[in-house]
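Thanks for making the time this morning; I would like to walk you through one model, starting at its surface and then moving to its sheet and a loop. Please have the sequence and the structure open as I talk.

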Amino acid sequence: DRIDAILTGFPIQCLMAHKEDIFQKLESLEGVDYEYGMPFVIKQFPAGMATVNKIRAYISQLRFYGFDPDFVIVDYIGEMQDIPGLPTHESRERIVRDLRGMAEEEQIFVAVAMQPNRDSRETQKSEKGRIEEEHLADSFGQIRPLDGCVSLNQNDSENHLGLARGYVIKERDGKSRYQFYLKFDKENLRITEISHHKYREMLNCHKEYVSEEVKIDQVVGGWAPSAEEDKEE
């Protein structure tokens with residue numbers, strides 16, 4: 001459902017009502033030829049059962065049936081099976097390392113999702129607060145094997161406006177420690193990069209609107225004489 005909404009632009013709550021339109025739009029996507037099979041495959045493993053070897057075996061199975069993936073997205077590390085006999089933090093770091101090894105051997109791009117820890121919530125409340133490597137849940141060491149790592153950051157105002165900040169924590173072969181700006185479409189779940197100017201413009205408009213609302217509340221909610229005081233006058 002999420003991918004259908006992202007690819008076609010239809011609201012995720014209304015997919016069934018536009019089923020035929022969605023089929024037509026998916027068939028007309030640029031660069032996709034359904035005669036040669038599906039452009040991507042979604043595989044769900046039971047929670048806590050996926051291992052790097054199982055993913056590797058599944059890729060081999062796909063290739064046997066004629067589908068050779070360019071990239072693999074693992075969502076997410078915390079849902080994979082921990083390595084027996086290892087503490088959680090060591091297991092998670094080993095899994096990331098093994099996934100990187102698989103990417104090199106299979107010659108495919110691999111992206112993984114990771115969850116932040118509880119401290120990251122407080123960190124993101126300010127406009128400049130952002131998730132760093134120390135905010136990764138279960139193991140700080142998960143970032144070590146990665147070639148690149150990006151965090152998605154959002155405070156309450158940004159969430160209300162559908163805005164967010166991406167922060168490049170690590171980039172092995174390029175620039176790191178910089179921020180970029182994103183817009184979330186809550187209807188179809190699309191994420192789009194926007195300029196800093198556009199980001200500031202949307203944020204400032206919201207602040208001005210809130211400021212005006214506060215002024216109106218103060219006027220409306222100000223002092224007024226009670227019924228008894230009116231009688232006395």
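Which residues form a nonpolar patch on the surface? Before I answer, please keep in mind that what we are looking at is a predicted model. The patch is formed by I3, F40 and I42, which together have about 280 Å² of accessible area. If you look for I3, you will find it in helix 1, which covers residues 2-8, and I3 is partly exposed, with a relative accessible area of 33%.

Let me turn now to the sheet. Here 4 strands form an open sheet, in the order 3-4-5-6, and the pairing is antiparallel. At the edges are strand 3 and strand 6, the latter spanning 191-194, and each of these pairs on one side only. From one strand to the next, the twist averages 35 degrees. As a general reminder, strands of a sheet pair through backbone hydrogen bonds, either parallel or antiparallel. Within this sheet, strand 4, residues 163-171, is joined by 6 bridges to strand 5, residues 178-184, and the two run antiparallel; as for G166, its bridge partner in strand 5 is F180.

Finally, I would like to look at a glycine in a loop. G141 sits in the loop between helix 5 (119-123) and strand 3 (148-153). Is G141 buried or exposed? Its relative accessible area is 6%, so G141 counts as buried, the cut-off for that being under 20%. G141 and R94 are 47 residues apart in sequence, while their C-alpha atoms are 9.1 Å apart in space.

How values were computed:
Residues are numbered from 1 along each chain as its sequence is written. This is a predicted model: local features need pLDDT of at least 70, side-chain atom pairs count only at pLDDT 80 or more; totals for chains, interfaces and linings use all residues. Side-chain values use heavy atoms; hydrogens and water are left out. Buried means under 20% relative accessible area, exposed over 50%, partly exposed in between (1.4 Å probe, protein chains only). Patches are made of residues with over 30% relative accessible area and no salt bridge: like charges are joined within 9 Å, nonpolar side chains (Val, Leu, Ile, Met, Phe, Trp, Tyr) within 5 Å. Accessible areas come from the Shrake-Rupley method with a 1.4 Å probe; for residues, only the protein chains shown count as cover. A salt bridge is a side-chain nitrogen of Lys or Arg within 4 Å of a carboxyl oxygen of Asp or Glu. Two strands pair if DSSP finds at least two bridges between them. Axes are lines fitted to C-alpha atoms, for helices over the stretch in contact, and angles run from 0 to 180 degrees between N-to-C directions.
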